[in-house]
Amino acid sequence: MGIRVEGIHFLVTYRCTYACDHCFVWGSPEAEGTMTLAQLTSVIDQAAACGVESVYFEGGEPTLAYPIVLAAAKHARERGLDWGMVSNCFWATSVEDAKVWLAPFVDLGISDLSLSSYAYFVEDADEDRLRSAALAAQELGLPMAVLEVGAAACLDVPGLRLGEDVGAIMCRGRAAVELAPGRAARPPETLTTCPFEDFAAPGRAHLGCDGELQLCQGISAGNVFAGGPAGAGAPGAGGLAAVLEGYDPTRRPVVAEIVAGGPWALAQAYGHTPRRALYADECHLCYEVRSAFRERFPSVLAPAQCYGLTAEQAAGPPEDQPA
Ligand code: SF4
């Protein structure tokens with residue numbers, strides 16, 4: 001069948017200065033896994049050849065790899081791709097300092113700078129940094145929006161463009177564990193669609209250092225790095241083009257069941273008995289079922305990071321040790 005995507009969103013690093021309750025990819029200060037520049041430029045080259053139009057640098061917190069992001073953004077522009085970035089603004093200690101961080105983005109022609117507010121989720125989140133970053137971006141004339149502003153609309157930045165509200169949060173990853181139980185109100189048998197992702201025409205996909213091309217966090221269409229080391233002139237056995245061409249949502253395990261009948265159908269197909277009477281949303285049940293069956297479909301239910309596991313934890317104990 002095969003698909004095309006318009007955007008690749010790089011999970012540049014799973015490391016973050018925060019460990020927010022709503023994080024889909026379990027980002028934290030302790031998280032491991034950062035993309036190399038060689039991986040990024042290799043995928044950018046492949047993406048341009050596959051008709052991808054834009055790349056985003058996300059995480060985790062992508063500015064923890066700031067010079068690598070700048071170099072990769074330059075490479076993307078040279079390949080004719082638009083680029084954007086999502087950041088939590090931890091670096092914006094003042095408006096003047098924030099301008100120093102953001103100034104290179106002007107020449108690199110950033111298309112979209114999304115700034116995150118975490119006041120709703122992180123008790124001691126410093127909204128002054130978000131405000132400094134927003135003001136600096138405005139002064140530099142950067143295209144910018146603030147995400148998740150439900151609790152931070154008091155930023156008092158004139159003309160601020162607001163992005164997604166916290167009310168739209170979906171219960172995937174850490175959110176399914178930390179936030180969903182307090183919001184549960186729907187019986188599992190009513191969760192018969194996937195309202196948030198189009199697996200036949202996904203539009204964008206996420207990709208981190210593990211190479212998994214994710215159509216939803218933790219659901220891989222295939223591994224772009226499989227078959228060889230990516231980036232050093234050897235982008236793997238087929239790389240991105242092979243993954244996109246070989247993907248068929250009607251035949252790929254897990255994806256096919258979700259497309260046919262949502263997370264309830266997924267649970268039914270694999271004999272999963274829901275552990276709760278009520279769920280917050282489709283993603284809440286979906287994440288529970290997928291977590292339970294991750295080891296049965298390791299090439300689809302990947303990367304392990306999106307299930308709150310390190311690569312070592314996912315691999316299990318050495319063979320001579322008990323589980
Ligand atoms: S229902 Fe499942 S596949 Fe659909 S968006 Fe939610 S977590 Fe992703």
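Let's start at one end of the sheet: in this predicted model, Cys 216 has Ile 219 in strand 8 as its bridge partner. That pairing is a handy way in, since Cys 216 also turns up among the closest residues to the ligand. From there we can walk through the sheet, the ligand shell and a few helix pairs.

**The strand 7–8 hairpin**
- Strand 7 covers residues 212-216 and runs antiparallel to strand 8, with three bridges joining the two.
- The two strands make a hairpin with two residues between them.
- Gly 218 sits in that turn and has a positive phi of about 90°.
- Is strand 8 enclosed or open to the outside? Five of the five residues in strand 8 (residues 219-223) are buried, so the rest of the structure largely encloses it.

**The sheet as a whole**
- Eight strands build an open sheet with mixed pairing, in the order 5-4-3-2-1-6-7-8.
- The edges belong to strand 5 (144-147) and strand 8; each has a single partner strand, so one side of each lacks a neighbour in the sheet.
- From one strand to the next, the twist averages 25°.
- Put those points together and strand 8 is an edge strand of the sheet, yet five of its five residues are buried.
- Over at the strand 5 edge, strand 4 (residues 112-116) pairs with strand 5 in the parallel sense over four bridges.
- Within that pairing, Leu 113 is opposite Met 144 in strand 5.

**Around the ligand**
- The ligand is surrounded by 13 residues, and the closest are Cys 194, Phe 196, Cys 216, Cys 283 and Cys 286.
- What classes of residue make up the shell? There are 10 nonpolar residues, three charged ones and no polar ones.
- Helix 7 (255-269) and helix 8 (282-292) each give the shell at least two residues.
- Helix 8 has the largest share, with four residues.

**A closer look at Cys 286**
- Cys 286 is one of the closest residues to the ligand, and it is found in helix 8.
- Is Cys 286 buried or exposed? It has 29 other C-beta atoms within 10 Å, and 20 or more is the cut-off for buried, so Cys 286 counts as buried.
- Cys 286 and Trp 264 lie 22 residues apart in sequence, while their C-alpha atoms are 7.8 Å apart in space.

**Helix pairs**
- Helix 7 and helix 8, the two that came up with the ligand shell, have axes that come within 8 Å and cross at roughly 70°.
- An angle from 65 to 115 degrees counts as roughly perpendicular, and helix 7 and helix 8 are therefore roughly perpendicular to each other.
- Their crossing is left-handed.
- Helix 3 (residues 95-107) and helix 4 (residues 127-140) have axes that come within 8 Å and cross at roughly 50°.
- That crossing angle is why helix 3 and helix 4 are oblique to each other.
- Helix 3 passes helix 4 in a right-handed crossing.
- For helix 1 (residues 37-49) and helix 2 (residues 66-78), the axes come within 10 Å and cross at roughly 20°.
- Angles under 35 degrees count as roughly parallel, so helix 1 is roughly parallel to helix 2.
- Helix 1 and helix 2 cross in the right-handed sense.

Key: Residues numbered from 1 in each chain as written. Predicted model: local features only at pLDDT ≥ 70, side-chain atom pairs only at ≥ 80, totals over all residues. Buried ≥ 20, exposed ≤ 12 C-beta atoms within 10 Å, placed from the backbone. Pairing = 2+ DSSP bridges. Near = placed C-beta within 6 Å. Nonpolar A, V, L, I, M, F, W, Y, C, P; charged D, E, K, R; others polar. Axes fitted to C-alpha atoms, helices over the stretch in contact; angles between N-to-C directions. Parallel < 35°, antiparallel > 145°, perpendicular 65-115°, else oblique. Left-handed = near helix turned anticlockwise from the far one by under 90°.
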